[in-house]
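User: Please take a close look at one part of this model, the charged residues and their partners. I would like one connected account.

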Amino acid sequence: MTPTILEPVLGASIGGAGADVAALLRRLYRTLATVRRIDREAVALRGRGVLPGYVDSRGREAVLVGAALALQASRDRAFPAAHEPGMAIALGADPAAVLRSRRGGIDAALEGSVTHAVGWALGAKLDRTGGCALTTIGAGAGTPAELRDAVTTARDSALPVVFLSSSGRTEGAGMPVLLVDGADAVAVHGAGLKALELARSGSGPVLIDAVLPGPSAWPARDPLVVCEQRLRDTGTVGDAYFAEVADTADALADRLRARLTAGA
């Protein structure tokens with residue numbers, strides 16, 4: 001199936017209203033900065049042996065946060081891969097609890113999130129709740145056989161599932177594919193809303209393929225830098241806002257470190 005290209009137009013994902021665009025950007029930036037800071041802290045704790053199996057997700061924040069914040073909390077549910085806590089944290093999960101669940105290492109934390117997402121989506125369809133499942137495809141989401149079976153089941157049963165990938169491998173998926181700039185949280189958010197709308201319509205699962213920039217594109221295409229520039233362009237915030245976000249994220253990281261090392 002030929003991928004459907006989604007143009008990352010600022011404001012398209014929330015109706016185009018200027019005030020709403022700025023509000024969305026503030027929410028996205030604060031969440032991106034928090035996830036990035038927690039990720040940095042987790043990497044440091046890995047070096048101290050506190051989180052030996054942690055895998056950093058720097059550069060993927062826009063993918064995880066943008067898609068997660070497109071969900072409707074009252075009826076949708078996210079099923080993040082075991083090694084990507086950013087999505088869970090973006091949705092309000094306790095960072096210490098999320099990271100503690102991964103303390104035993106990646107292999108111990110594998111939970112087959114894609115299989116769980118498809119099972120949950122089947123229940124949502126049968127119960128006619130209008131809910132959709134969001135899940136990442138990649139390491140930590142299940143074995144290759146589990147992924148293949150889950151995707152096939154979702155496609156054949158027209159289940160309301162949105163699969164999220166940044167692998168660049170979309171061929172053979174057999175479902176609509178939304179290609180999006182994985183460094184742009186607004187674009188990913190828009191893709192998430194569109195994918196959820198399609199999945200909710202009864203047409204079956206949708207795949208979001210978030211294309212990540214290569215190393216040569218950094219730091220200009222750092223997701224945090226992209227979001228900051230978009231937010232500054234609205235003229236609604238200044239340096240004081242970004243300093244406050246950084247201070248708040250640092251304070252959260254300090255509390256996280258204290259909690260995780262207390263019983264280490």
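**Salt bridges and a buried charge**

Analyst: This predicted model contains 14 salt bridges. One of them pairs Arg36 with Glu61, with 2.4 Å between the closest N and O atoms. Arg36 sits in helix H1 and Glu61 in helix H2 (residues 61–68), so this pair ties together parts that are 25 residues apart in sequence. Both ends are out of the solvent by the numbers. Arg36 has a relative accessible area of 9% and is buried. Glu61 is buried too, at 2% relative accessibility.

Now stay in H1. Asp39 also lies in this helix, which spans residues 18–47. Asp39 is buried, yet it has no salt bridge. Its nearest side chain of opposite charge is Arg36, 5.7 Å away. A salt bridge needs a side-chain nitrogen within 4 Å of a carboxyl oxygen, so a gap of 5.7 Å does not qualify. What does Asp39 touch instead? Leaving out residues up to four places away in sequence, its contacts are Tyr54, Asp56, Ser57 and Arg58.

Asp39 also borders an internal space. The structure has two cavities of 30 Å³ or more. The second largest holds about 40 Å³. Its lining consists of Val35, Ile38, Asp39, Tyr54, Ser57, Pro85, Gly86 and Ile89. Two elements, H1 and helix H3 (86–90), each give two or more residues to that lining. H1 gives the most, with three residues. Tyr54 and Ser57 appear both among the contacts of Asp39 and in the cavity lining.

Other salt bridges lie elsewhere. Arg259 pairs with Asp94, with the closest N and O atoms 2.9 Å apart. This pair links distant parts of the chain: Arg259 is in helix H10 (residues 239–262), while Asp94 is in the loop between H3 and helix H4 (95–100), 165 residues apart. Arg259 is partly exposed, at 38% relative accessibility. Asp94 is partly exposed as well, at 32%.

Asp156 and Arg155 form another bridge, with 3.7 Å between their closest N and O atoms. Here Asp156 is exposed, at 59% relative accessible area, and Arg155 is partly exposed, at 31%.

Salt bridges also join up into a network. Arg37, Glu41, Asp250, Asp254 and Arg257 are linked in this way.

For the wider setting, the protein has ten helices and six strands. Of its 264 residues, 48% count as buried.

Technical notes
Residues numbered from 1 in each chain as written. Predicted model: local features only at pLDDT ≥ 70, side-chain atom pairs only at ≥ 80, totals over all residues. Heavy atoms only, no water. Helix = DSSP H or I, 4+ residues; strand = E, 2+ residues; numbered from the N terminus. Buried < 20%, exposed > 50% of the residue type's maximum accessible area, 1.4 Å probe, protein only. Lys, Arg positive; Asp, Glu negative; His and termini not counted. Contact = heavy atoms within 4.5 Å. 1 Å grid on protein atoms, 1.4 Å probe; cavity = no way out; pocket = protein on both sides within 12 Å on 5 of 7 lines; lining within 4 Å. Points joined across faces, edges and corners; volume = space filled by probe spheres on them.
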